[in-house]
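I am opening a notebook page on this structure and writing down what I look up, step by step, for someone who has not seen it before.

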Amino acid sequence: MTEYNTRKLADLVRRPLVTEKATLLMEQNKYTFEVAPKATKPQIKAAIEYLFEVKVVSVNTQRSPQKKRRVGRFVGFKPTYKRAIVTLAEGDSITLFPEV
């Protein structure tokens with residue numbers, strides 16, 4: 001297994017995505033995160049295991065398509081991002097909503 005720099009691993013995972021679909025996936029022990037666009041699946045796996053101290057079974061990634069937006073006569077694009085759906089081992093979980 002390749003050793004990764006732990007400082008760089010923390011920068012790969014940007015934030016958890018909390019959408020209706022993502023919360024439904026949490027019931028199947030799958031968690032969704034926004035990650036750096038250049039992050040690879042082994043890097044994402046290592047980062048999640050390091051940050052949350054869990055065992056990752058699989059990582060699925062997807063990039064959002066580039067969508068055109070315009071404001072008046074100015075045409076631009078929405079920022080693209082990379083999404084990672086991480087499946088955890090049975091018995092492991094990540095607390096995204098700590099009890100207040």
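Entry 1, the sheet. I looked up how the strands are arranged in this predicted model, and I found four strands in an open sheet, in the order E1-E2-E6-E3, with antiparallel pairing. I then checked where the sheet ends, and noted that strand E1 (13-16) and E3 are the edge strands, each of them pairing on one side only. For the twist I wrote down an average of 30 degrees between neighbouring strands of this sheet, with direction ignored.

Entry 2, one strand pair and the helix on the sheet. I followed E3 to E6 and counted seven bridges joining these two strands, which run antiparallel. As an example of a bridge I picked Arg63, whose partner in E6 is Lys82. I also looked for what lies against the sheet, and I found that H3 packs on it, touching E1, E2, E3 and E6, while the direction of H3 makes about 125 degrees with that of E3.

Entry 3, the nonpolar core. Which residues have the most contacts inside the largest nonpolar core? I noted Phe33, Ile44, Ile48, Val86, Leu88 and Ile94, in a core that has 20 residues. When I traced where the core residues come from, helix H1 (6-12), E2, H3, E3 and strand E6 (82-88) each turned out to supply at least two of them, and the largest share, four residues, comes from H3. I add as background that nonpolar side chains tend to be buried together in soluble globular proteins.

Entry 4, the surroundings of Leu88. Leaving aside residues up to four places away in sequence, I listed the contacts of Leu88 as Asn29, Tyr31, Val54, Lys55, Val56, Val57, Ser93 and Ile94.

Entry 5, two backbone angles. I went through the phi values with the reminder that most residues other than glycine have a negative phi. Asn29, which is not a glycine, has a positive phi of about 65 degrees, and I located Asn29 in the loop between helix H2 (20-26) and strand E2 (30-35). Glu53 is not a glycine either, and its phi is positive at about 55 degrees; Glu53 sits in the loop between helix H3 (41-52) and strand E3 (56-63).

Entry 6, burial of these two residues. Are Asn29 and Glu53 buried or exposed? Asn29 counts as buried because its relative accessibility is 15%, and buried means under 20%. Glu53, with a relative accessible area of 72%, is exposed, since exposed means over 50%.

Definitions and conventions:
Residues numbered from 1 in each chain as written. Predicted model: local features only at pLDDT ≥ 70, side-chain atom pairs only at ≥ 80, totals over all residues. Heavy atoms only, no water. Buried < 20%, exposed > 50% of the residue type's maximum accessible area, 1.4 Å probe, protein only. Core = buried A, V, L, I, M, F, W, Y, C linked by side-chain atoms within 4.5 Å. Contact = heavy atoms within 4.5 Å. Pairing = 2+ DSSP bridges. Axes fitted to C-alpha atoms, helices over the stretch in contact; angles between N-to-C directions.
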